[in-house]
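The following account explains how the elements of a single chain are assembled, beginning with its interior and moving outward to the sheet and the helices. The reader is invited to keep the model in view throughout.

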Amino acid sequence: MPGTFIPLAASRSVPLRPISPGAEPVWQRIGAVAEHRGMDHAGAGAAASSGMPGRKTSPDEIRVLLVDDNLSILARVSLALAPSCAIVGAMSDGPSALAAARDLAPDVIVLDISMPGMNGFELAARLRQLGSTAALVFLTVHDEQEFVMAARNVGALGYVRKPRLGSDLLHAVREARAGRSFFAA
């Protein structure tokens with residue numbers, strides 16, 4: 001899959017389409033945190049030379065694709081999920097996420113609702129139309145019941161508000177992977 005490999009905190013090298021000119025320093029700091037904590041950090045050089053992410057996932061790891069247009073949220077989510085998940089990709093928009101879902105075959109897709117161009121509900125519907133079987137978990141600022149119901153209607157198994165990212169997201173992803181619902185709105 002085309003794109004720039006950027007080291008991510010969970011010690012995975014992740015294909016991420018560039019989303020802003022100032023993003024590289026942020027991802028370098030995240031990679032430095034991973035190295036400081038002694039995580040297995042493949043680095044951009046290893047990934048770029050192979051053309052694929054630098055680390056294979058084990059069967060017990062949950063393969064997660066992240067979709068959010070906010071770089072700091074992508075970084076926070078990768079840190080929150082690092083203990084139990086392999087972050088296979090991080091995308092900033094719907095069209096990139098559609099391609100990544102096809103190419104990376106994640107177990108779970110964590111997606112935002114409010115994104116430019118294609119919102120999370122539209123993305124979820126398109127994923128299902130294209131045959132994706134990945135479990136969907138929305139991570140959003142919206143706490144209105146209409147949003148929760150819309151998420152259920154597009155087949156989401158999880159719904160977590162961004163302020164509860166640290167306490168609820170990993171649980172929601174685990175539950176979604178197991179086919180169970182977790183809605184903490």
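In this predicted model, the largest nonpolar core has 26 residues, of which Leu 65, Val 67, Ile 109, Leu 123 and Phe 138 touch the most other members. Two or more residues of this core are given by each of E3, E4, H4, E5, helix H5 (120–129), E6 and helix H6 (145–153). H4 supplies the largest share, five residues.

Phe 138 illustrates how such a core member is surrounded. Residues up to four places away in sequence being left aside, Phe 138 touches Leu 111, Asp 112, Ile 113, Gly 120, Phe 121, Ala 124, Ala 151, Val 154, Ala 156, Gly 158, Tyr 159 and Val 160. A second core, separate from the one described above, contains 24 residues, among them Leu 74, Cys 85, Ala 172 and Val 173.

The chain as a whole provides the setting for these cores. Its secondary structure amounts to seven helices and eight strands. Of its 185 residues, 50% are buried. Among contacts in the chain with a separation of 6 or more, 63% are between residues 24 or more positions apart.

Six of the strands form an open sheet with parallel pairing, in the order E4-E3-E5-E6-E7-E8. Its edges are strand E4 (85–91) and strand E8 (182–184), each of which pairs on one side only. On average, neighbouring strands of this sheet are turned by 20° against each other, direction ignored.

The two edges may be examined in turn. At one of them, E3 and E4 run parallel and are joined by six bridges; Val 64 has Ile 87 in E4 as its bridge partner. Is edge strand E4 mostly covered or mostly uncovered? E4 is mostly covered, with seven of its seven residues buried. At the other edge, three bridges join strand E7 (residues 158–161) to E8, and these two strands also run parallel. Here Gly 158 stands opposite Phe 182 in E8. Gly 158 is also one of the residues that Phe 138 touches.

Among the helices, H4 (residues 94–104) deserves attention for its contribution to the largest core. Why is H4 described as largely enclosed by the rest of the structure? The description applies because eight of its 11 residues are buried. These are Gly 94, Ser 96, Ala 97, Leu 98, Ala 99, Ala 100, Ala 101 and Leu 104. The N-terminal end of H4 is capped by Asp 93, a side-chain oxygen lying 2.8 Å from the backbone nitrogen of Ser 96. Just after the helix, Ala 105 adopts a positive phi of about 45°.

Helix H3 (residues 71–81) leads back to the sheet. H3 lies across strand E3 (62–67), E4, strand E5 (108–111) and strand E6 (135–140), and runs at about 165° to E3.

H3 also packs against another helix. Two packed helices are described by the angle between their axes and the distance between the axes. For H3 and helix H7 (residues 165–177), the axes come within 9 Å and cross at roughly 65°, and the crossing is right-handed. The residues that meet are Arg 76, Val 77, Ala 80 and Leu 81 in H3, and Leu 165, Leu 169, Leu 170 and Val 173 in H7. Of these, Val 173 is included in the second core.

Definitions and conventions: Residues numbered from 1 in each chain as written. Predicted model: local features only at pLDDT ≥ 70, side-chain atom pairs only at ≥ 80, totals over all residues. Heavy atoms only, no water. Pairing = 2+ DSSP bridges. Helix = DSSP H or I, 4+ residues; strand = E, 2+ residues; numbered from the N terminus. Axes fitted to C-alpha atoms, helices over the stretch in contact; angles between N-to-C directions. Contact = heavy atoms within 4.5 Å. Buried < 20%, exposed > 50% of the residue type's maximum accessible area, 1.4 Å probe, protein only. Polar contact = N/O pair within 3.5 Å; in protein donor to acceptor, adjacent residues only side chain to side chain. Core = buried A, V, L, I, M, F, W, Y, C linked by side-chain atoms within 4.5 Å. Left-handed = near helix turned anticlockwise from the far one by under 90°.
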